[in-house]
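Work through the following exercises with the sequence and the 3D view side by side. Each task is followed by a solution that goes step by step.

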Amino acid sequence: MNQDKMKALATELAKDLKTPEDLNAFSAQLTKITVEAALNAEMENHLGYARHDPAGHDSIRPHKHNDGLTPLKKEQLYKKTLNS
């Protein structure tokens, strides 16, 4: 973002700031939004896909204790193995 756009945005946002408390609240909210955006960008870069992106769905590893089968499917698979 260039300097002129940032100044215009700051001027627009500053119109609603009337007290030091308003400035403090705005500053805290802006810091929170900025940090969250940076962390999300870092995580996206690390994972190689955006949050909620279907491209990342298949790359999720199941937990070691969870094989993804329901108890009923486990039972059916067990019976099928016994009958083979």
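**Exercise 1. Locate Asn2 and describe what its side chain reaches.**

Solution. Begin with the position along the chain of this predicted model: Asn2 is found in the segment before α1. Next, follow its side chain to the start of α1, where a side-chain oxygen of Asn2 comes to within 3.2 Å of the backbone nitrogen of Asp4. Then look at Lys5, whose backbone nitrogen lies 2.8 Å from a polar atom of the Asn2 side chain. Finally, consider the surroundings of Asn2: its relative accessible area is 42%, and because partly exposed covers the range between 20% and 50%, Asn2 counts as partly exposed.

**Exercise 2. State the number and order of the helices, and compare the spans of α1 and α2 with the expected values.**

Solution. First, count the elements: the chain has three helices and zero strands, and from the N terminus on they run α-α-α. Second, take helix α1, residues 3-14, which has twelve residues and reaches 16 Å from its first C-alpha to its last, close to the 16 Å expected at 1.5 Å a residue. Third, treat α2 in the same manner: this helix has 28 residues, and its reach of 40 Å between first and last C-alpha is close to the 40 Å expected. As a last step, move just past the end of α2, where Gly48 takes a positive phi of about 95 degrees.

**Exercise 3. Find the three salt bridges of the structure and describe the partners of each.**

Solution. The cut-off needed here is that a side-chain nitrogen of Lys or Arg must lie within 4 Å of a carboxyl oxygen of Asp or Glu.

- Step 1. The side chains of Glu12 and Lys15 meet at 3.3 Å, N to O. Glu12, at 47% relative accessibility, counts as partly exposed, and Lys15, at 49%, is also partly exposed.
- Step 2. Glu36 pairs with Lys32, with the closest N and O atoms 2.8 Å apart. These two residues are four residues apart in helix α2, so about one helical turn separates them. The relative accessible area of Glu36 is 39%, which means that this residue is partly exposed.
- Step 3. Glu75 pairs with Lys79, and here the closest N and O atoms are 3.0 Å apart. Glu75 and Lys79 are four residues apart in helix α3, and therefore about one helical turn lies between them. Glu75 is partly exposed at 41% relative accessibility, as is Lys79 with a relative accessible area of 45%.

**Exercise 4. What share of the chain counts as buried, and how much accessible surface does the chain have?**

Solution. Start from the chain of 84 residues, of which 1% count as buried, where the cut-off for buried is a relative accessible area under 20%. Then turn to the accessible surface of the chain, which comes to about 8,200 Å², with 58% of it belonging to carbon and sulfur atoms.

**Exercise 5. Where in the chain is confidence lowest, and where is it highest?**

Solution. First, take the chain as a whole: its mean pLDDT is 83, and 81% of its residues reach 70 or more. Second, go to the elements: confidence is lowest in helix α3, residues 71-83, at a mean of 80, and highest in helix α2, residues 20-47, at 93. Third, keep a general caution in mind when reading any such model, namely that predicted coordinates should not be read in detail where pLDDT is low.

Terms used. Residues are numbered from 1 along each chain as its sequence is written. Side-chain values use heavy atoms; hydrogens and water are left out. Buried means under 20% relative accessible area, exposed over 50%, partly exposed in between (1.4 Å probe, protein chains only). Accessible areas come from the Shrake-Rupley method with a 1.4 Å probe; for residues, only the protein chains shown count as cover. pLDDT is the predictor's confidence in each residue, from 0 to 100. The expected span of a helix is 1.5 Å times one less than its number of residues. A polar contact is a pair of N or O atoms within 3.5 Å; within protein, one must be able to donate a hydrogen and the other to accept it, and residues adjacent in sequence count only if both atoms are side-chain atoms.
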